[in-house]
Amino acid sequence: TCALPICSNATTTSAWRAALNANYCNKKMSLVCPAWHTIPSYIQDCSRRLIETVRLVDREDTDKNPITEIIFVAHSIPESLDVAGDRYRGDVEMEVDKIRDAFRGQYKKPIKTSLAYQSSVGPIPWLGPDVQESVRQSTCSNIVVMPISFVSECIETLHELDIELQEVAEQASKKMLRVPLISDKSLSRVL
């Protein structure tokens, strides 16, 4: 399984080139799925997991009208790649739009949504806004974080979102829940 569902020259494309150069793909059966956001069953599964998480907020919040923001989070890339024509940002935005549309088709309460990026490092400019700043600046008391750049748990979800971003949310007096990533059972239905 490709753990990078949105193609970028910085990650997916370079990983596939390295695999092809090493003749890895001939030694082991591989499934090429460069554009997960074009698979309707994947979008529906993302929407299902998002709805389940937002409903947890609805059940746990004693306020009859909880103020919730869904922050879709993608791994950032250097702005220079975006300027050079990398398709990543456009694919991220398309995936967010599709998941949001599927979600709103099933969840009728008004809810705020936004897109932010994580994991930018070093002195060069990266795509933004940064997710930590988005959480700090949110006017909502409840935050639901939907990671869309990953299909399996990794350091970016388990540490950066579940630990570091959770601390940022707590410091900003906000409650944060993260949408779980796709499970093996769901993955078999999606593909």
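In this predicted model, Arg 100 is found in helix α5, and its relative accessibility of 17% means that Arg 100 counts as buried, since the cut-off for that class is under 20%. Leaving out residues up to four places away in sequence, Arg 100 touches Phe 72 and Thr 113.

The helix that carries Arg 100 repays a closer look. Helix α5 comprises the 19 residues 88-106, which at 1.5 Å a residue should span 27 Å, and because the C-alpha atoms at its two ends are indeed 27 Å apart, the expected and the computed lengths agree. Arg 100 belongs to a set of buried residues in α5 that also holds Tyr 88, Asp 91, Val 92, Glu 95, Val 96, Ile 99, Ala 102 and Phe 103. These buried residues cover an arc of only 165 degrees around the axis, and therefore they lie on the same side of α5. What that side packs against is a set of four elements, namely the helix α3 (40-60) and the strands β1 (68-75), β2 (112-118) and β3 (142-147).

The chain in which this helix sits has eight helices and four strands, and from the N terminus on its elements run α-α-α-β-α-α-β-α-β-α-β-α. Of its 191 residues, 45% count as buried. Among the contacts in the chain with a separation of 6 or more, 79% are accounted for by residues 24 or more positions apart.

From the packing of α5 one can pass to the nonpolar interior. In soluble globular proteins, nonpolar side chains tend to be buried together. The largest nonpolar core here has 29 residues, of which Leu 50, Ile 70 and Met 146 touch the most other members. At least two residues of this core come from each of α3, β1, α5 and β3, and the largest share, seven residues, is supplied by α3. Leu 50 shows how these parts are brought together: with its neighbours within four places in sequence left aside, Leu 50 is in contact with Ile 70, Phe 72, Ile 99, Phe 103, Val 144, Met 146 and Val 179. A second core, separate from this one, has twelve residues, including Ile 71, Ile 143, Leu 165 and Val 168.

Charged side chains add another layer to the picture, for the structure holds ten salt bridges. Asp 45, Arg 48, Arg 49 and Glu 52 are linked in a network of such bridges. Within this network, the side chains of Arg 48 and Asp 45 meet at 2.7 Å, N to O, and because the two residues are three apart in helix α3, about one helical turn separates them. Arg 48 also forms a salt bridge with Glu 52, at 2.9 Å, N to O; here the residues are four apart in α3, so that they too are separated by about one helical turn. The three partners do not share one level of exposure: Asp 45 is buried, with a relative accessible area of 5%, whereas Arg 48 is partly exposed at 29% and Glu 52 counts as partly exposed at 43%.

A further salt bridge, between the side chains of Lys 112 and Glu 69, has an N to O distance of 4.0 Å. Lys 112 lies in strand β2 and Glu 69 in strand β1, so this pair ties together parts of the chain that are 43 residues apart in sequence. Its two ends also fall into separate exposure classes, because Lys 112 is partly exposed, with a relative accessible area of 38%, while Glu 69, at 3%, counts as buried.

The last stop is Arg 136, which lies in helix α6 (residues 131-137) and which, at 39% relative accessibility, counts as partly exposed. Its side chain is joined to that of Glu 133 by a polar contact of 2.6 Å. When residues up to four places away in sequence are not counted, Arg 136 touches Val 168, Ala 172 and Lys 174, and of these Val 168 has already been named as one of the members of the second core. Arg 136 and Gln 171, 35 residues apart in sequence, are 8.4 Å apart in space from C-alpha to C-alpha.

Methods: Residues numbered from 1 in each chain as written. Predicted model: local features only at pLDDT ≥ 70, side-chain atom pairs only at ≥ 80, totals over all residues. Heavy atoms only, no water. Buried < 20%, exposed > 50% of the residue type's maximum accessible area, 1.4 Å probe, protein only. Contact = heavy atoms within 4.5 Å. Polar contact = N/O pair within 3.5 Å; in protein donor to acceptor, adjacent residues only side chain to side chain. Expected span 1.5 Å × (residues − 1). Arc of directions from axis to C-beta. Core = buried A, V, L, I, M, F, W, Y, C linked by side-chain atoms within 4.5 Å.
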